[in-house]
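Colleague: I am new to this structure and would like to go through it slowly with you. Could you take my questions one at a time?

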Amino acid sequence: MKLGILINEGPYQHQASDTALQYVKAALKKGHEIYRVFFYNDGVNNATRLATPPQDDRNITKEWSSLAKDHGIDLVVCVAAAQRRGILDKGEAERNGKDSDNIEDGFRISGLGQLVEAGIQADRLITFGD
Amino acid sequence: MNMLHTINKSPFENSTASSCLKLCTKDSSILFIEDGVISVMKSTKFSETIENALKEFKMYVLKPDLEARGLPLNNVIEGVEIVGYEEFVDLTTEHKTVQSWL
């Protein structure tokens with residue numbers, strides 16, 4: 001089955017992203033396809049590669065990134081939510097005159113249409129939030 | 001409609017659990033996750049609500065979230081099924097839609 005995931009909360013602030021990560025791992029193990037993971041509102045904070053949690057703690061951003069790499073998962077960050085919170089890819093940084101980007105590998109910035117499309121194309125859309 | 005409801009809040013924190021139980025239709029199932037797992041503990045003010053609702057709905061609780069909070073599995077109300085993440089995935093695919101109460 002094709003599954004779409006929506007994450008509305010940032011890492012370490014709320015359990016939403018951890019729960020979603022465990023859910024996605026279990027779904028992949030069972031042979032389901034993750035059509036897309038959409039990061040919205042504070043969920044965009046999952047995408048910063050500048051976060052450096054303590055070494056004995058989980059690195060949620062890296063876990064998403066490596067999961068995306070290993071399984072070809074589309075990780076999409078909402079552009080409007082990202083701009084408000086300082087999450088930038090190279091193009092957005094240049095367009096807004098910023099000195100650097102900070103998006104982790106495997107994530108891409110796009111619009112809310114990608115969430116709508118995931119809702120249409122996936123068999124189920126599951127929301128994780130506060 | 002056959003729907004899975006997920007509840008991630010304690011019933012002592014806000015009213016999502018009681019709202020969900022009031023509004024969901026007969027063939028719905030309810031999965032308690034995150035802080036929602038406290039809802040299905042025995043001998044609380046909320047236990048009776050769960051026990052009554054069990055006559056109408058199937059209920060599930062996520063084991064890793066019980067364990068993370070130190071809540072003993074033998075204190076889960078009888079009739080509530082204890083599940084892992086793989087069963088969580090099955091529940092979402094077996095039901096037509098998923099409603100996350102946030």
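What follows is a conversation about the two chains, about a sheet and its helices, and about the contact between the chains.

Colleague: How many helices and strands are there in chain B, and in which order do the elements run from the N terminus on?

Modeller: Please keep in mind that this is a predicted model. Chain B has four helices and five strands. Read from the N terminus on, the elements of chain B follow the order β-α-β-α-β-α-β-α-β.

Colleague: What is the radius of gyration of chain A, and what would a compact globule with 130 residues have?

Modeller: Chain A holds five helices and five strands, and its C-alpha atoms fill a box of roughly 45 × 35 × 30 Å along the principal axes. A compact globule with 130 residues would have a radius of gyration near 14 Å, and the value for chain A agrees with this, being 14 Å.

Colleague: In which order do the strands of the open sheet in chain B lie?

Modeller: The sheet is open, has five strands and shows parallel pairing. At its edges stand β4 (81–83) and β5 of chain B, each with a single partner strand, so one side of each is left without a neighbour in the sheet. Neighbouring strands are turned by 25° against each other on average, direction ignored. The order in chain B is β4-β3-β2-β1-β5.

Colleague: Which residue in β2(B) stands opposite Leu4(B)?

Modeller: Strand β1 of chain B covers residues 3–7 and strand β2 of chain B covers residues 29–32, and the two pair in the parallel sense over four bridges. Opposite Leu4(B), in β2(B), stands Ser29(B).

Colleague: Which strands of chain B does α4(B) touch where it packs on the sheet?

Modeller: Helix α1 (residues 16–23) of chain B lies across β1, β2 and β5 of chain B, and runs at about 165° to β1(B). As for α4(B), its direction makes about 150° with that of β2(B). The strands of chain B that α4(B) touches are β1, β2, β3 (58–62), β4 and β5.

Colleague: Which element gives the largest share of the side of chain B that touches chain A?

Modeller: The contact takes 16 residues from chain A and eleven residues from chain B. On the side of chain B, the elements that give two or more residues are α4 (85–94) and β5 (97–101), and the residues of this side divide into six nonpolar, three polar and two charged. The largest share, six residues, comes from α4(B).

Colleague: Which residues have the most contacts inside the largest nonpolar core?

Modeller: In soluble globular proteins, nonpolar side chains tend to be buried together. The largest nonpolar core here has 61 residues, and helix α1 (residues 16–29) of chain A gives the most to this core, with six residues. Leaving aside neighbours within four places in sequence, Phe32(B) is in contact with residues including Ile7(B), Val40(B) and Leu62(B). Those with the most contacts inside the core are Ile5(A), Phe39(A), Val77(A), Phe32(B), Val40(B) and Val61(B).

Colleague: Is Glu48(B) buried or exposed?

Modeller: Glu48(B) is found in helix α2 (residues 47–53) of chain B. A residue counts as exposed if 12 or fewer other C-beta atoms lie within 10 Å of its own. Since Glu48(B) has 10 other C-beta atoms within 10 Å, Glu48(B) is exposed.

Terms used. Residues are numbered from 1 along each chain as its sequence is written. Chains are lettered from A and ligands numbered from 1 in the order in which they are written. This is a predicted model: local features need pLDDT of at least 70, side-chain atom pairs count only at pLDDT 80 or more; totals for chains, interfaces and linings use all residues. Two residues are in contact if their C-beta atoms, placed from the backbone, lie within 7 Å. Ala, Val, Leu, Ile, Met, Phe, Trp, Tyr, Cys and Pro count as nonpolar, Asp, Glu, Lys and Arg as charged, and the others, Gly among them, as polar. A nonpolar core is a set of buried Ala, Val, Leu, Ile, Met, Phe, Trp, Tyr and Cys residues joined through C-beta atoms within 7 Å. A residue is buried if 20 or more other C-beta atoms lie within 10 Å of its own, exposed if 12 or fewer, and partly exposed in between; C-beta atoms are placed from the backbone. Two strands pair if DSSP finds at least two bridges between them. Axes are lines fitted to C-alpha atoms, for helices over the stretch in contact, and angles run from 0 to 180 degrees between N-to-C directions. The radius of gyration is taken over C-alpha atoms; the globule rule is 2.2 Å times the number of residues to the power 0.38.
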